[in-house]
Amino acid sequence: MSLLGFYDVKKMVILALLFAAGTVLYILESLYFPVFLIPGIKLGITNIVTLILVVFFSWRDCVFNAMARTIVGSLVTGSFFTPAFLFSLSGALVSTIIMLIMYKFFYGKFSLVGISVAGAVSHNATQLFLAEALFIKHWGIILQAPILILAAVMTGAINGVIANLFAERAISIPEFENSLSAKVNLRRFDERF
Amino acid sequence: MLLTRYDKTFICILLILALLIFIGGLTALGSNKRGNEVVILVNGREAERYSLNLKNPKMIRVKGMLGESLIEIANGKARMLFSPCPNHNCMARGWIDKPGDIIVCVPNRVVVKVVGNGAENKIDVFNG
């Protein structure tokens with residue numbers, strides 16, 4: 001069995017497109033959107049792509065895509081193997097896993113907005129914990145948590161709404177139903193509420 | 001409706017958590033300000049180490065490069081009482097009591113610093 005035969009080509013192309021979109025959003029966000037003065041707060045628009053992946057693809061594809069996006073994005077922005085890269089990677093990994101679990105077990109109870117907020121908060125919590133454990137070594141950094149939670153709730157809700165809009169439209173695109181995981185997940189998406 | 005009941009509960013719990021951390025953190029930060037030990041370095045090496053919570057005031061004589069420095073510990077604070085250096089900048093620093101506070105006397109090569117419960121702020125600013 002060849003490597004390409006193992007993979008469905010349409011699925012691969014869609015994953016590559018989503019990876020490209022995620023990378024572009026990552027670069028845009030880290031280079032051109034320094035909107036907030038408080039360190040640690042950003043829009044997290046890359047999370048939209050992760051949410052779309054969580055809805056339509058398997059956990060393997062999600063995690064791999066998120067990792068690859070962070071690595072390539074940090075290569076472009078020049079933060080590869082800096083502490084910022086460490087924060088980025090661990091935050092992306094943990095939030096992706098949290099959102100996968102929430103979607104798999106609690107979708108229907110939580111909407112995509114709730115899942116997105118959970119992802120954003122876990123992203124921030126991971127980074128705060130890492131900063132405390134590795135760099136600051138002082139519990140006082142937890143005072144930043146309320147601000148981060150507040151910001152995560154707002155930006156997470158916005159991203160969740162956008163991802164929901166995308167998912168509702170993408171359901172009618174046959175290419176998204178091509179993979180096995182997509183079929184299972186889409187049925188779940190249709191059965192909601 | 002996009003938001004479910006669970007979403008709303010979840011978001012409310014998060015906001016309440018944020019408020020609790022804010023209040024708890026502020027009160028804890030207000031009460032736990034003092035360090036508990038003072039370390040005296042001469043020529044970069046640790047020479048003396050005393051608890052800050054002594055019952056009676058204590059004078060410590062330390063032999064530096066120029067002569068003897070006199071360090072006072074009283075009421076959970078420490079200061080450079082006298083130093084043989086020319087400018088007496090170290091004496092002008094006054095009392096120190098917070099973890100990370102430091103008195104440096106460059107001519108006499110004497111450093112007095114307060115350490116907390118092993119949790120010192122090693123980095124001033126972090127820019128990633």
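# Pairing strands and crossing helices

User: Which residue in S7(B) does Ile103(B) stand opposite?

Analyst: In this predicted model, Ile103(B) stands opposite Val112(B) in S7(B). The two strands concerned are S6(B) and strand S7, residues 110-115 of chain B, which run antiparallel and are joined by 4 bridges.

User: How do you know that S6(B) and S7(B) count as a pair?

Analyst: The requirement is at least two bridges between the two strands. S6(B) and S7(B) have 4 bridges, so the requirement of at least two is met and they count as paired.

User: What makes S2 and strand S6 of chain B edge strands?

Analyst: Both belong to an open sheet of 4 strands in chain B, whose order is S2-S1-S7-S6 and whose pairing is antiparallel. S2 and strand S6 (102-105) each have a single partner strand, so one side of each is left without a neighbour in the sheet. Within this sheet, neighbouring strands are turned against each other by 15 degrees on average, direction ignored.

User: How are S1(B) and S2(B) connected, and how many residues lie between them?

Analyst: S1(B) and S2(B) form a hairpin with 2 residues between them, and Asn43(B) in the turn has a positive phi of about 55 degrees. Strand S1, residues 37-42 of chain B, pairs with S2(B) in the antiparallel sense over 6 bridges. Since a pair needs at least two bridges, those 6 satisfy the rule. One of the matched positions is Val38(B), whose bridge partner in S2(B) is Tyr50(B).

User: Why is strand S2 of chain B said to lie largely in the open?

Analyst: A residue is called buried if 20 or more other C-beta atoms lie within 10 Å of its own. Strand S2 covers residues 45-51 of chain B, and of its 7 residues the number buried is 0, so the strand lies largely in the open.

User: What is the order of the open sheet of 3 strands in chain B?

Analyst: The order is S3-S4-S5, again with antiparallel pairing. Strand S3 (58-63) and strand S5 (77-82) stand at the edges with a single partner strand each, so one side of each has no neighbour in the sheet. From one strand to the next, the twist averages 30 degrees. Strand S4, residues 68-74, is joined to S5(B) by 5 bridges, with the two running antiparallel. Along this pairing, Leu70(B) stands opposite Phe82(B) in S5(B).

User: Why is H2(A) called oblique to H4(A)?

Analyst: Helix H2 (residues 9-32) and helix H4 (residues 59-77) of chain A have axes that come within 9 Å and cross at roughly 45 degrees. An angle under 35 degrees would count as roughly parallel, and one of 65 to 115 as roughly perpendicular. The value of roughly 45 degrees fits neither range, so H2(A) is oblique to H4(A). H2(A) passes H4(A) in a right-handed crossing.

User: Which residues in H2(A) meet which residues in H4(A)?

Analyst: On the H2(A) side they include Leu15(A), Phe19(A), Gly22(A) and Tyr26(A), while the H4(A) side includes Asp61(A), Ala68(A), Val72(A) and Val76(A). By class, the residues of the contact of H2(A) with H4(A) divide into 9 nonpolar, 6 polar and 2 charged.

User: Why are H3(A) and H4(A) called roughly antiparallel to each other?

Analyst: The axes of helix H3 (residues 46-56) of chain A and of H4(A) come within 9 Å and cross at roughly 160 degrees. Angles over 145 degrees count as roughly antiparallel, and H3(A) and H4(A) are therefore described in that way. Their crossing is right-handed. The contact is made by Thr46(A), Thr50(A), Leu53(A) and Val54(A) of H3(A) together with residues of H4(A), among them Cys62(A), Asn65(A) and Arg69(A). The contact of H3(A) with H4(A) has 4 nonpolar, 3 polar and 2 charged residues.

User: How many helices and strands are there in chain A, and how many in chain B?

Analyst: Chain A has 8 helices and 0 strands, whereas chain B has 2 helices and 7 strands. Along its sequence, chain B follows the pattern α-β-β-β-β-β-α-β-β. Buried residues make up 39% of the 193 residues in chain A and 19% of the 128 residues in chain B.

Terms used: Residues are numbered from 1 along each chain as its sequence is written. Chains are lettered from A and ligands numbered from 1 in the order in which they are written. This is a predicted model: local features need pLDDT of at least 70, side-chain atom pairs count only at pLDDT 80 or more; totals for chains, interfaces and linings use all residues. Axes are lines fitted to C-alpha atoms, for helices over the stretch in contact, and angles run from 0 to 180 degrees between N-to-C directions. A residue is buried if 20 or more other C-beta atoms lie within 10 Å of its own, exposed if 12 or fewer, and partly exposed in between; C-beta atoms are placed from the backbone. A crossing is left-handed if the near helix is turned anticlockwise from the far one by less than a right angle, and right-handed if clockwise. Two residues are in contact if their C-beta atoms, placed from the backbone, lie within 7 Å. Ala, Val, Leu, Ile, Met, Phe, Trp, Tyr, Cys and Pro count as nonpolar, Asp, Glu, Lys and Arg as charged, and the others, Gly among them, as polar.
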